[in-house]
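Biologist: I would like a close look at a single part of this model, taken slowly and with the criteria spelled out.

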Amino acid sequence: MNYLIYGAGHFGECFYRILVKQKLQVNGWIDQRLVSQMKYNLPIFDEHTADRNMTVIVAVTPLVNSNRGQIKERLQELGYNNVLGFFEAAREFPEVFKEYAQLEHLWMRTSHHDMLNLPSIKWLRARLGDDKSKNILDKLCAFRASLSIDDYPEPDRKIEYFPDDIPFNFQSPIRFIDCGAYTGDTVEAFVELHKKNIITLEHISSFEPDTNNYQTLTNTQNRLKKNNPEISFQAFPSGVWKCVDLLNFNQGQTSSSNIIQSEVINDSSVSVVDLDSTCQAMDINYIKMDIEGAELAALEGAKNLIQTQQPVLAICVYHKPKDLWELPQFIDQLQPNYDMYLRVHEHLGLSTVLYCIPKGSH
């Protein structure tokens, strides 16, 4: 059997290595971005020109609310006779997640011992506020231990940062701090909820250090302001950290731009601020953080806000292995008066969010 791999990215490389180890014939790649190039001395085709008789492995991770799930159907409509979707291919070649873990990307590591701290996991499970959160944690831990498709944590497909099974129950209009605002996707989603009378928004402050993302963010906010004058918007071209500083930054990586700690300051350096000194007077009641591994430092910089104002928190806990338990433990030390919930909003355990709701607010 001859194979083509759809997607010449990291998962494509993982499937390629597995096929080669099993002495299976790989004849090339399909990747719309890299047509007419070569990878591992194999040609990269357009999906309209590749050989329809070869078995195609779709090596593109599906995303919630995207058209990636329709790749298999589209290829079949184009006449490809045998197409393995991503999860079908993962069952056919079950070592793929272990192969991918070699990259040590985000929470994934080669050893499950690096991804699990059993005493801390036990503490977190007891601390979580509902059975769904406990079941999610169990599934995440099982997948980390096995890296098997059998333990794969499915995303819940609810609205990220405002799932309807979390008891938010705001008693006043939402004054929202968006740390890692990207291009304004969360802002836009919250305004849509406001327009549907699901929530009442009063103010949004957004922090985004990537200059390209920041420009799109301000455009998004200006557009939303015209149609929603009752909401006030602010945008800060800075990152969020434990103090005011100037730090290096991996820029131009779309949603994965990230802060780098280094003593050498260069042209890609960005300003960072702490929320305590920036937002203390705002009387905020909701903080969201998705800042590519800087969450712990940002929480340190929001210590006074969390202790005195006790805002709702939505904190991403998937960028580093220990974020899953270290961030809840740190928050609990700052402010024990929270009920904690865990939700997974994206494939591969990405967009795993810890929701902290003030006790007595629901």
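What is the order of the strands in the open sheet of 7 strands, and which helices lie across its strands?

Modeller: This is a predicted model, in which local features need pLDDT of at least 70 and side-chain atom pairs count only at pLDDT 80 or more, whereas totals for chains, interfaces and linings use all residues. Residues are numbered from 1 along each chain as its sequence is written, and side-chain values use heavy atoms, with hydrogens and water left out.

The open sheet has the strand order β9-β8-β7-β14-β15-β17-β16, with mixed pairing; helices (H or I, at least four residues) and strands (E, at least two) are DSSP runs numbered from the N terminus, and two strands pair if DSSP finds at least two bridges between them. The edge strands, each pairing on one side only, are β9 (232–236) and β16 (338–344), and the twist from one strand to the next averages 15 degrees. Within this sheet, β15 (residues 312–316) pairs with β17 (residues 352–358) in the antiparallel sense over 4 bridges, and L354 in β17 is the bridge partner of I315.

Towards the β9 edge, helix α8 (residues 211–227) lies across β8 (201–207) and β9, running at about 175 degrees to β9; axes are lines fitted to C-alpha atoms, for helices over the stretch in contact, and angles run from 0 to 180 degrees between N-to-C directions. Q221 has its place in α8 and is buried, with a relative accessible area of 5% (buried means under 20%, exposed over 50%, partly exposed in between, with a 1.4 Å probe and protein chains only). Leaving aside neighbours within four places in sequence, Q221 is in contact (heavy atoms within 4.5 Å) with V187, I204, S206, F233, Q234 and A235. The C-alpha atoms of Q221 and E188, which are 33 residues apart along the chain, are separated by 8.1 Å.

Towards the β16 edge, helix α6 (residues 131–146) lies across β16 and β17, running at about 50 degrees to β16. The axes of α6 and helix α5 (residues 118–127) come within 9 Å and cross at roughly 160 degrees, and the two helices are therefore roughly antiparallel to each other (angles over 145 degrees). The contact is made by I121, L124, R125 and A126 of α5 and by K134, L137, D138 and C141 of α6.

In the loop between β16 and β17 lies H347, which counts as buried at 4% relative accessibility. Not counting residues up to four places away in sequence, H347 touches T61, P62, L63, V64, F87, Y152, E154, P155 and R157.

Definitions and conventions. Angles under 35 degrees count as roughly parallel, over 145 as roughly antiparallel, 65 to 115 as roughly perpendicular and the rest as oblique.
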